[in-house]
Amino acid sequence: MPSRRTVLAATTGAAAALALGGTAHADDSRLRALVSRMTLEEKVGQLFVMRVYGTSATAPDQADIDANLKEIGVRTAAELIARYRVGGIIYFTWANNTKDPHQIAALSNGIQRASLSGPRGLPVLITTDQEHGIVCRVGAPATLFPGAMAIGAGGSREDAHTLGRISGAELRAIGVNQDYSPDADVNVNPANPVIGVRSFGADPGAVAALVAAEVTGYQRSRVAATAKHFPGHGDTAVDSHYGFPVITHTREVWEELDAVPFRAAIKAGIDCVMTAHIQFPALDGSGDPATLSHPILTGILRGELGYDGVVVTDSLGMEGVRTKYGDDRVPVLALKAGVDQLLNPPDLAVAWNAVLEAVQGGELTESRLDESVLRILRLKARLGLFERPYADPRRVDRVVGVPAHLAAADRIAERTTTLLVNEDGVLPLSPRGHKAVLVVGADPASPSGTTGPPTGVLAKALTELGFTATALSTGTAPSAATVTAAVAAARDADAVVVATYNLTMAGSQKTLVEQLVATGRPVVAVAIRNPYDVAQLPSVPAYLATYSWTDVELRAAARVIAGKARPRGRLPVAVHRADDPARVLYPIGHGLSY
């Protein structure tokens, strides 16, 4: 690992003076002096947070070089920084950035080295979406926690804080200094296709408390937390990746519902707020997405809520922000609205040059850019990146996925499993009475690429608890032949556990479960994503909700099924009847135990 002396030698001017200052809260006058010495091109670059393919900053595989050339016009992360002076890099699993902890730490250090060797020697904000649960870029052997809605079911602020503290420590150990988490949306729409279980729940006060706790946990570990998606993405049936959602809440409803967690995050000292690509007519009647809305970002977020930290867009490659304006206008309009960081534009050259030309042509002032650059540099200083930009390879194995962290994740998961139905005391199952267990159901892909498949994880965990469990994957849309085979296998079992995933009234998953129940064998259903599945299957005698299919949540469910742990989770959202959506089937707070 480069020494601190090497870091200082790689910096120049005000940046070196900042590093020598030795405080996370660097003197603002020094930061302003640094901004004053930057060229316009350097300032433009600091505004962008960009994807890049590869496991290495300088020597990625040829396939990743080809992808970088095609999408960005550079070969490597180092070339990206040299050409565009980007202030941030975002890691993705699909970009081959997150293979294993040591590789990630080396990539992070290569990125920092490339930036520190350039003009002004500025460190890089390295970020990712490590929400846990269904959105997780860094996988095992790192510690993987239950997702937000599971934490909401547990209802423990201490657990939310612990998640942030441990996850933050592990991210920082591999050189990731910012996390696009927690999700501060209040999920009041069961049909929400993009938020759902990424939210802590439907009660704004409960969501706010858990958001604030997780924020303080991350920031205690010197990782910048990010509250998203302002002004609130919890009540939409449209995914802003593929469409342009409209939120129909009144201003009063927004104040009482959507705004509450963001106010709590700001009060907790949140480092960053991410915008939503949604239209919110009660807050801005122009028809523009919130990401491009001056009334929402400057008027409400900065003015009314008093937030003066970094504002980052959601990905600029998403359809929700590209519907009304072209890719050359979006970054300029975002900056005019009050944004500081421009995340992952589809064409960096177009976006970067659009901002440069907007300043040169007078549409944007250089002083406007200075405001955002200063906020970004303040965040880098607060994180100690001018002093310690590098990950220490020796700390990786001492911090990432250590037994104490894994045990904490297991304990937290055990407090989240929610028992929704338990007719006639079907649960817990006992190996004495139900030795042979068939585990069937959906096996969605692992969020991090390092866990699952769910049926296999459940079967293995039950076998370790004394059962003889067999896994049979039937998928999210089982064919008639698959259903027939599963039913035949169930007749040879003493009990059946079936994993459900986003059930619909007419889907073949529902047919599968109903036919399994008809065999007369005890059937235990486990909703491995949305707890709303339970409304589609009133005939199932026992139903659990895990809120995600990460191994830690499934192992906890197995312990509950076997009676080795009692179910303690409580629904953080209401479940409405499938045949009459106006009526509540299970209210917020519902949860059985034994």
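**Group meeting: strands, cores and two buried loop residues**

Let me begin with a pair of strands: β14, residues 495–500, and β15 run parallel and are joined by 5 bridges. I should say at once that this is a predicted model. Within that pairing, V498 is the residue that stands opposite A525 in β15. The connection between the two strands also deserves mention: together with helix α22, residues 508–518, β14 and β15 form a right-handed β-α-β unit.

On to the next partner of β15. Strand β16, residues 542–545, pairs with β15 over 4 bridges, again in the parallel sense. Here the bridge partner of V524 is A542 in β16.

How many of the residues of β15, which spans 523–527, are buried? The count is 5 of 5, and the strand is thus mostly covered. The side chains divide between two directions: V523, A525 and A527 point one way, V524 and V526 point the other way, and all are buried. As a general remark, nonpolar side chains in soluble globular proteins tend to be buried together.

This brings me to L427, which lies in the loop between β11, residues 418–422, and β12, residues 436–441. Is L427 buried or exposed? L427 counts as buried because its relative accessibility is 3%, and the cut-off for buried is under 20%. Setting aside neighbours within four places in sequence, L427 is in contact with L419, N422, V524, A542, L544, I561 and Y594. Two of these names have already come up, since V524 and A542 are the bridge partners I described between β15 and β16. For a sense of distance, the C-alpha atoms of L427 and V400 are 36 Å apart, with their positions 27 residues apart along the chain.

Let me turn now to the nonpolar cores. The largest one has 129 residues, and the members that touch the most others are F48, L80, I111 and F230. Which helix gives the most to this core? That is α16, residues 348–360, with 8 residues. A second core lies apart from it and holds 67 residues, among them V135, A490, L503 and I528. Returning to I111, its contacts beyond four places in sequence are A57, A77, I81, I89, Y91, V124 and I126.

There is also an open sheet of 5 strands, in the order β6-β3-β2-β1-β10, and its pairing is parallel. Its edge strands are β6, residues 178–179, and β10, residues 342–343, each of which pairs on one side only. Between β3, residues 125–128, and β6 there are 2 bridges in the parallel sense, and T128 stands opposite D179 in β6.

My last residue is T291, in the loop between β8, residues 272–275, and α13, residues 294–304. T291 has a relative accessible area of 0%, so this loop residue is buried. What surrounds T291, leaving aside neighbours within four places in sequence? Its contacts are T275, A276, H277, L297, T313, V321, A334, A337 and V339. A276 also takes part through its backbone: its oxygen lies 3.1 Å from a polar atom of the T291 side chain. By comparison along the chain, A237 is 54 residues from T291, and the two C-alpha atoms are separated by 19 Å.

To close, I would point to the two loop residues together: L427 is buried at 3% relative accessibility, and T291 is buried at 0% relative accessible area. Thank you.

How values were computed. Residues are numbered from 1 along each chain as its sequence is written. This is a predicted model: local features need pLDDT of at least 70, side-chain atom pairs count only at pLDDT 80 or more; totals for chains, interfaces and linings use all residues. Side-chain values use heavy atoms; hydrogens and water are left out. A nonpolar core is a set of buried Ala, Val, Leu, Ile, Met, Phe, Trp, Tyr and Cys residues joined through side-chain atoms within 4.5 Å. Buried means under 20% relative accessible area, exposed over 50%, partly exposed in between (1.4 Å probe, protein chains only). Contact means heavy atoms within 4.5 Å. Two strands pair if DSSP finds at least two bridges between them. A crossover is right-handed if, with the strands pointing away from the viewer, the path from the first strand over the helix to the second runs clockwise. A polar contact is a pair of N or O atoms within 3.5 Å; within protein, one must be able to donate a hydrogen and the other to accept it, and residues adjacent in sequence count only if both atoms are side-chain atoms.
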